[in-house]
Amino acid sequence: MHIIDRLTRPVLFAFDPERAHELSIAALKTGIPFCSGGVQNSKLAVSVAGLNFPNPIGMAAGYDKNAEIPDALLNLGFGFAECGTVTPKPQEGNPRPRIFRLTRDRAVINRLGFNNEGHAQALARLSLRKGKSGIVGVNIGANRDSSDRMADYEEGVRTFAAVASYLTINISSPNTTGLRGLQDRENLSELLQRVMRVRNEQAALIKRKVPVFLKIAPDLSEEALADIAQEVLEKGLDGLIVSNTTLSREGVSAPAASETGGLSGEPLFERSTIVLAKMRRLVGPALPIIGVGGVHSAETALEKMRAGADLVQLYTGMVFAGPGLPARIVSRLAAYAEANGLNSIAEIRDSNIKPWADRPLA
Ligand SMILES: Cc1cc2nc3c(=O)[nH]c(=O)nc-3n(C[C@H](O)[C@H](O)[C@H](O)COP(=O)(O)O)c2cc1C
């Protein structure tokens, strides 16, 4: 482990998790290069939804909610960074404490509830980096008190189409009451139709069809997955992100397990990978999928790709392993590609779908 990683954890773990998160953002804002950015290797480059990713490892949504440090994240070695979730109006989110470390389980429970500074702030920051290289996605959501949540997503697409490499429709946070109901067939059909209409209107103005991904929960039945797959294909979305945090507490033993909220980290790996493989089977080989949930090593990143992921994201793994994690994973992926004579890391995609997809969604 890198010296910075060895130091980061005891320092940050001395604070409560939300304060530690704020401190880590402040540290990255200074622009000091705490870690080497990792290797560049053409075998890791992947082209997905018309975007050229230098490597397949991305920072998941929720870390840089207000688009303050996307370039610092890219400098840590991430191949892409997803900002957000952002909602049209700023909102406080739920009362603190609302993030809990389950150190024994290498997991986190959060019930933040879309705390963020709103569209205008994020837009101002992203506008400043317009024209810079690096893939920066924007994850959009709905305000808790919104009278028309679907309209909030439409506004998100309208606001960020010109400054985002891609957009993520997040209807899978468990911490905004009723939000996950937008995954139900009828709601989803209307939402995706409205969102894609705005995307296409914007394309005429900005001369570019910004790719739109849908981020789903891991807590879905086989029938719900089949419905979502059909809607996503029918409405012409550009990809899926599988998955958000889970309401399940399977495989966790730390005292904080009884806290309300979404669980992330190592105990989420299995379930999110099963859902990913099932989705790959349902949508076929052409639709891009980003695999998220419990990735904490090169091996777990590779397994997401074998189960059907084109790209991989992580968040909680970095809380426990430190800011050197992305660069370490990327250099191990490069070594793996070299050692196995691959021309591209994408060659391993789908090589292990069946054992994952056949498992029940217990
Ligand atoms: C503290 C925290 C905040 C999060 N906030 C968001 C968010 O705003 N939007 C979102 O789509 N996902 C959010 N997530 C979910 C992550 O993007 C990711 O889907 C999930 O944590 C599983 O990945 P991991 O096990 O690597 O953390 C959050 C996760 C954590 C731990």
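Rings of Phe, Tyr and Trp (the six-membered ring of Trp) are taken as a pair if their centres lie within 6.5 Å, with planes under 30 degrees apart counted as stacked, over 60 as edge-to-face and the rest as tilted. By this criterion, a search of the whole structure gives six aromatic pairs. In one of them, Tyr63 and Tyr315 have ring centres 5.6 Å apart and planes at 85 degrees, so the pair is edge-to-face. Tyr63 belongs to the loop between strand S3 (57-59) and helix H3 (70-75), and Tyr315 to the loop between strand S13 (311-314) and helix H10 (316-321), so the pair ties together parts that are 252 residues apart in sequence. Helices (H or I, at least four residues) and strands (E, at least two) are DSSP runs numbered from the N terminus.

The model is predicted: local features need pLDDT of at least 70, side-chain atom pairs count only at pLDDT 80 or more, and totals for chains, interfaces and linings use all residues. Residues are numbered from 1 along each chain as its sequence is written, and side-chain values use heavy atoms, with hydrogens and water left out.

Two sheets are described here, with strands taken to pair if DSSP finds at least two bridges between them. Strands of a sheet pair through backbone hydrogen bonds, either parallel or antiparallel. Eight strands, in the order S3-S4-S7-S8-S9-S10-S12-S13, close into a barrel with parallel pairing. On average, neighbouring strands of this barrel are turned by 25 degrees against each other, direction ignored; axes are lines fitted to C-alpha atoms, for helices over the stretch in contact, and angles run from 0 to 180 degrees between N-to-C directions. Within the barrel order, strand S9 (residues 212-216) is joined to strand S10 (residues 239-242) by four bridges, and the two run parallel. Phe213 has Gly239 as its bridge partner in S10.

An open sheet is formed by three strands in the order S5-S6-S11, and its pairing is antiparallel. Strand S5 (99-102) and S11 are the edge strands, each with a single partner strand, so one side of each is left without a neighbour in the sheet. The twist from one strand to the next averages 25 degrees. S5 and strand S6 (residues 107-110) run antiparallel and are joined by four bridges; the bridge partner of Ile99 in S6 is Asn110. In the loop between S5 and S6 lies Arg106, a residue other than glycine with a positive phi, near 50 degrees.

The ligand is surrounded by 23 residues, of which the closest are Ala61, Lys65, Thr85, Gly294 and Thr316; a residue is included if one of its heavy atoms lies within 4 Å. This shell divides into seven nonpolar, 14 polar and two charged residues, where Ala, Val, Leu, Ile, Met, Phe, Trp, Tyr, Cys and Pro count as nonpolar, Asp, Glu, Lys and Arg as charged, and the others, Gly among them, as polar. Strand S4 (80-86) and strand S11 (262-265) each contribute at least two residues to the shell.

Polar contacts to the ligand (pairs of N or O atoms within 3.5 Å) include one from a backbone N or O atom of Ala61, 2.7 Å from a ligand oxygen atom. Polar side-chain atoms of Lys65 and Asn139 lie 2.8 Å and 2.9 Å from an oxygen atom of the ligand, respectively. Taken alone, the ligand exposes 620 Å², of which the protein buries 97%; areas come from the Shrake-Rupley method with a 1.4 Å probe.

Two cis peptide bonds are noted. One runs from Gly84 to Thr85, with omega near 15 degrees, and Thr85 is in strand S4. Another joins Val242 and Ser243, with omega about 15 degrees; Ser243 is placed in the loop between S10 and S11.

Note on methods: A polar contact is a pair of N or O atoms within 3.5 Å; within protein, one must be able to donate a hydrogen and the other to accept it, and residues adjacent in sequence count only if both atoms are side-chain atoms.
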